[in-house]
Amino acid sequence: PQQEGDFFISARGRSMLDVADPSHSIPDGAMVMCRPKSGSFIEWGEIYCVATREGYVIKKLMPSDDDAYIRCVSTNEAEFPPYEIPKAEIVGIGRVIAVVSVMRL
């Protein structure tokens with residue numbers, strides 16, 4: 001059930017496809033339910049939607065060697081290598097709590 005403040009976004013691309021375990025994938029076109037994060041604590045290794053001034057990404061977040069950045073990791077690392085986002089560029093963040101796949105008939 002949706003809580004007050006939860007929001008949905010549409011996933012785009014193939015970066016979050018888990019080839020080894022498709023049941024843990026976020027496919028292109030899926031609706032992703034997110035819960036806005038309050039405070040500065042990030043649960044490393046979990047999947048978040050990160051909004052920046054340039055748009056948003058859905059990635060597993062990991063710490064960076066530089067405290068001014070966060071490391072964004074795709075499930076499909078073979079095609080989409082990890083990269084870092086400056087924390088100063090983040091305008092919002094939400095924890096992914098559900099994924100609804102949309103099947104077109």
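**Strands and cores in a predicted model**

Author: Met33 sits in strand 2, residues 31-36. Bear in mind that this is a predicted model.

Reader: Why is Met33 called buried?

Author: Its relative accessible area is 8%. Buried means under 20%, so Met33 is buried.

Reader: Which residue is 65 places from Met33 along the chain, and what separates their C-alpha atoms?

Author: That's Ala98, and the C-alpha atoms are 5.0 Å apart.

Reader: What makes up the largest nonpolar core?

Author: Ten residues would be a long list, but here goes: Ile9, Ala11, Met16, Ile26, Ala30, Val32, Cys34, Cys49, Ile58 and Val96, 10 residues in all. Another core lies apart from it, with 8 residues, including Ile42, Tyr48, Leu61 and Cys72.

Reader: And what does Cys49 touch, leaving out residues up to four places away in sequence?

Author: Among its contacts are Ile9, Cys34, Ile58 and Val96, and Tyr56, Val57, Gly92, Ile93 and Gly94 are also touched by Cys49.

Reader: How do you know that strand 3 and strand 4 pair?

Author: Pairing takes at least two bridges, and strand 3 (residues 47-52) and strand 4 (residues 55-63) have 6, so they pair, in the antiparallel sense. Val50 stands opposite Val57 there, and the two strands form a hairpin with 2 residues between them.

Reader: What makes strand 4 and strand 5 a pair?

Author: Again at least two bridges are needed; strand 4 and strand 5 (residues 69-73) are joined by 4, so they count as a pair, running antiparallel. Met62 stands opposite Arg71, and this hairpin has 5 residues between its strands.

Methods
Residues are numbered from 1 along each chain as its sequence is written. This is a predicted model: local features need pLDDT of at least 70, side-chain atom pairs count only at pLDDT 80 or more; totals for chains, interfaces and linings use all residues. Side-chain values use heavy atoms; hydrogens and water are left out. Buried means under 20% relative accessible area, exposed over 50%, partly exposed in between (1.4 Å probe, protein chains only). A nonpolar core is a set of buried Ala, Val, Leu, Ile, Met, Phe, Trp, Tyr and Cys residues joined through side-chain atoms within 4.5 Å. Contact means heavy atoms within 4.5 Å.
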